[in-house]
Each structure stands twice: as structure tokens, then as C-alpha cells.
Amino acid sequence: MSTLTNKLLGTRAGYGLTVLRIFVGIIFVAHGSQKLFGWFGGGGLAGTAQWMESIGLAPGYLMALLSGGTEFFAGLALIIGLLARPAALGLSFTLLVAIFSVHISHGLFMANNGYEFALALLGGTVAVLIEGAGKLSLDAAIAK
């Protein structure tokens, strides 16, 4: 296997990171589906675009499509463990944008719309980025 493929798909992680990856993936699929499809009480692309414009992320429709698409499709990638590192990189970037554009001014705690939840998810995505998808993943199966 080539060095690049091994770095991309290989994993040092065990079953614990597999569990973390799946739960974080489920959360992102749900959030992405709110933005893209309006599921689970979300605003869909139109509502999310309008909100993004209101906080200064323009063009709103493109930002909604990029963030919702990343959350939904990278979340799916985490759940199945396929290309988990690139998925985790995209999600980490999305979380940093959310933290610094929306939540940082409200402090840490979620009760005040702070960055607590986003920071916890960022920890999960960075762990996947560093360690790989874990033993129970398509990445691990392909890397063998």
C-alpha cells in the first residue's frame, strides 16, 4: 500500500475511537440534515442561508450548502468509517468557523449559546483526524 493511502486510511485506534466516531457522525448527520433538508426542525437551505447572511457569512446560500453538506456527508463518512480523516478535517474546520463566528462571544456554556458543545465535537473530530477511524471501519478494512 502506498504511503499516502496508508496515512489516509490507516488507523492506530481501537474500538473506543470507533464508538466516538459513530456517535459524533450521528450528531453531524442530524445537524447537516437540518441545514440541507429542514429535517428535525431545521430551516432547510433557505432558512439556513438567511440566518447565515444575518450573522455575516455571505453568500448565505453557499455557506449553508457548504456547512450543511460537510456536516451531512462527512457525518455519514464518520458513521461508516470511510475516508474518516478527510471527513474529520472538514468537520473540524466547520466547527472552528461555528465557534469563532457564532459562539465565542457567548462564553463557554451552552446555556448562553456558548462554544461548549462545538468544542466537545471538535475534540472528537480532531481525535479521528489524528488516530484514524478505529478498528471497526471501512478505512481499516481497506488498509489491510
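In this predicted model, a good place to start is Leu-95, which, once its neighbours within four places in sequence are set aside, touches Phe-28, Ala-118, Leu-121, Leu-122 and Thr-125. Leu-95 also belongs to a bigger picture: together with Phe-28, Leu-78 and Val-128, Leu-95 has the most contacts inside the largest nonpolar core, a group of 18 residues. Four helices each give two or more residues to this core, namely α2 (15-37), α4 (60-80), α5 (84-103) and α6 (116-131). The top contributor is α5, with six residues. A second core of eight residues lies apart from this one, and its members include Leu-36, Leu-45, Ala-49 and Phe-72. As a rule of thumb, nonpolar side chains in soluble globular proteins tend to end up buried together.

Next comes the empty space. The largest pocket holds about 820 Å³. Its lining counts 32 residues, and those closest to the centre of the pocket are Lys-35, Trp-51, Met-52, Glu-71 and Ala-98. Two or more lining residues come from each of α2, α3 (44-54), α4, α5 and α6. Here, too, α5 turns up at the head of the list, since the largest share of the lining, eight residues, is from that helix. By character, the lining splits into 17 nonpolar residues, 13 polar ones and just two that are charged.

That leaves the aromatic rings. A pair of them is described by how far apart the centres are and by the angle of the planes. The structure has three such pairs. In one of them, Phe-37 and Trp-39 sit 4.7 Å apart, centre to centre, with 35° between the planes, which makes a tilted pair. Neither ring is fully tucked away: Phe-37 has 41% relative accessibility and so counts as partly exposed, and Trp-39, at 47%, is partly exposed as well.

Phe-37 also pairs with Phe-72. The centres of these two rings are 5.3 Å apart and the planes meet at 85°, so this pair is edge-to-face. Because Phe-37 is in helix α2 and Phe-72 in helix α4, the pair ties together parts of the chain that are 35 residues apart in sequence. Phe-72, with a relative accessible area of 11%, is buried, since anything under 20% counts as buried; Phe-72 is also one of the residues of the second core. Along with Phe-73, the rings of Phe-37, Trp-39 and Phe-72 make up one aromatic cluster.

Methods:
Residues numbered from 1 in each chain as written. Predicted model: local features only at pLDDT ≥ 70, side-chain atom pairs only at ≥ 80, totals over all residues. Heavy atoms only, no water. Core = buried A, V, L, I, M, F, W, Y, C linked by side-chain atoms within 4.5 Å. Buried < 20%, exposed > 50% of the residue type's maximum accessible area, 1.4 Å probe, protein only. Contact = heavy atoms within 4.5 Å. 1 Å grid on protein atoms, 1.4 Å probe; cavity = no way out; pocket = protein on both sides within 12 Å on 5 of 7 lines; lining within 4 Å. Points joined across faces, edges and corners; volume = space filled by probe spheres on them. Nonpolar A, V, L, I, M, F, W, Y, C, P; charged D, E, K, R; others polar. Phe/Tyr/Trp six-rings, centres within 6.5 Å; stacked < 30°, edge-to-face > 60°.
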